[in-house]
Amino acid sequence: MMKKCEAFIIGGSAGSLDVLLKVLPLINVAIKFPIVIVIHRKHGADSLLPELLSTRTKLKVKEVDEKEPLTAGTIYIAPSDYHLLIEQDRSFSLDYSEKINYSRPAIDATFQTAAEVYKDKLACLLLSGSNADGVNGLKSVKLWGGTTLIQDPTTAQVAYMPAHAQANVKIDRVLSIEDIVEFINLLP
């Protein structure tokens, strides 16, 4: 178990929205850290994602704004078609550089930049998906002392992403959907 969590980041692709819709209603509103969600979305599509997720939780849910500081108790959604980076001053930066693993936003970009900032006070969870995005990011999280988590591939709608991470990174915990809720709610 982590000593203290200062940021929790969730990355996912195909099949991950279903997990979020099950997990978010059960997250304790008294959490003392921000939750950042990076989901592969098509440009212009899913513009209602923050509104949809906000109907499932009492926590504040919002799409990220450039240079916005991360605030505890808020769920942030990466905007479509931008990489979401975490700056040293613990604010967000939006980047329109090349796609990574065919994706923008790329989970790797967020995990990697967050790992350098939060080090051992970061937990990153990789959910269902169909490409390798997130694996290199989890390697960075591990390198900087953070906690690496994946959805149990046997419970994922598309198992490739968490299974690929499990095969290539030392994962701290493999979590069922119920375990995800418990893990988040018990973080210090």
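1. Which residues of H1 are buried? In this predicted model, the buried residues of H1 are Ser16, Val19, Leu20, Leu21 and Val23. Their cover includes S1, S2, H2, S8 and H6. Helix H1 itself lies across S1, S2 and strand S8 (147-151), and runs at about 155° to S2.

2. The sheet comes next. Seven strands make up an open sheet with parallel pairing, ordered S3-S4-S2-S1-S7-S8-S9. The edge positions are taken by strand S3 (60-63) and strand S9 (173-175); each has a single partner strand, so one side of each is left without a neighbour in the sheet. From one strand to the next, the twist averages 20°.

3. One pairing can be given in detail. Three bridges join S2 and S4 in the parallel sense. Within S4, tyrosine 76 is the residue that stands opposite valine 36.

4. Helix H6 also packs on the sheet. H6 lies across S1, S2, S7, S8 and S9, and its direction is at about 125° to S9.

5. On the hydrophobic interior: the largest nonpolar core contains 32 residues, and Phe8, Ile35, Ile37 and Leu53 are those with the most contacts inside it. At least two residues of this core come from each of strand S1 (7-12), helix H1 (16-23), strand S2 (35-39), helix H2 (49-54), strand S4 (74-77), strand S7 (122-126) and helix H6 (177-186). H6 gives the largest share, five residues. Another core, of 28 residues, lies apart from this one; among its members are Phe111, Ala114, Val117 and Leu126.

6. Which residues does phenylalanine 8 contact, beyond its neighbours within four places in sequence? The list is Phe33, Pro34, Ile35, Val36, Ala123, Leu125, Leu149, Phe183, Ile184 and Leu187. Phenylalanine 8 has a relative accessible area of 1%, which is under the 20% limit, so phenylalanine 8 counts as buried.

7. Phenylalanine 33 is found in the loop between H1 and S2. Is this loop residue buried or exposed? Phenylalanine 33 is buried, at a relative accessible area of 0%. Residues up to four places away in sequence aside, phenylalanine 33 touches Cys5, Glu6, Ala7, Phe8, Ala72, Gly73, Ile184, Leu187 and Pro188. Between the C-alpha atoms of phenylalanine 33 and alanine 78 there are 17 Å, with 45 residues separating the two along the chain.

8. Aromatic pairs: the count comes to four. In the pair formed by phenylalanine 8 and phenylalanine 33, the ring centres are 6.4 Å apart and the planes stand at 40°, so the pair is tilted. Since phenylalanine 8 belongs to strand S1 and phenylalanine 33 to the loop between H1 and S2, the pair ties together parts that are 25 residues apart in sequence. Through ring pairs, Phe8, Phe33 and Phe183 are linked into a cluster.

9. A charge over a ring should be listed separately. Arginine 104 lies over the face of tyrosine 96, and its distance from the ring centre is 4.1 Å.

10. Now the hairpin. S5 and S6 form a hairpin with five residues between them, and arginine 90 in the turn has a positive phi of about 65°. S5 and strand S6 (residues 92-95) run antiparallel and are joined by four bridges. Isoleucine 86 has phenylalanine 92 of S6 opposite.

11. How do the side chains of strand S5 (residues 83-86) point, and are they buried or exposed? His83 and Leu85 point one way, Leu84 and Ile86 point the other way, and all are buried. In a regular strand, side chains alternate between the two faces of the sheet.

12. A last residue to record is alanine 163, which lies in helix H5 (residues 160-168). Alanine 163 is partly exposed, with a relative accessible area of 31%. Its C-alpha atom is separated by 20 Å from that of threonine 110, and the two residues are 53 residues apart along the chain.

Note on methods. Residues numbered from 1 in each chain as written. Predicted model: local features only at pLDDT ≥ 70, side-chain atom pairs only at ≥ 80, totals over all residues. Heavy atoms only, no water. Core = buried A, V, L, I, M, F, W, Y, C linked by side-chain atoms within 4.5 Å. Buried < 20%, exposed > 50% of the residue type's maximum accessible area, 1.4 Å probe, protein only. Contact = heavy atoms within 4.5 Å. Pairing = 2+ DSSP bridges. Axes fitted to C-alpha atoms, helices over the stretch in contact; angles between N-to-C directions. Phe/Tyr/Trp six-rings, centres within 6.5 Å; stacked < 30°, edge-to-face > 60°. Lys NZ or Arg CZ within 6 Å of the ring centre and 35° of its normal.
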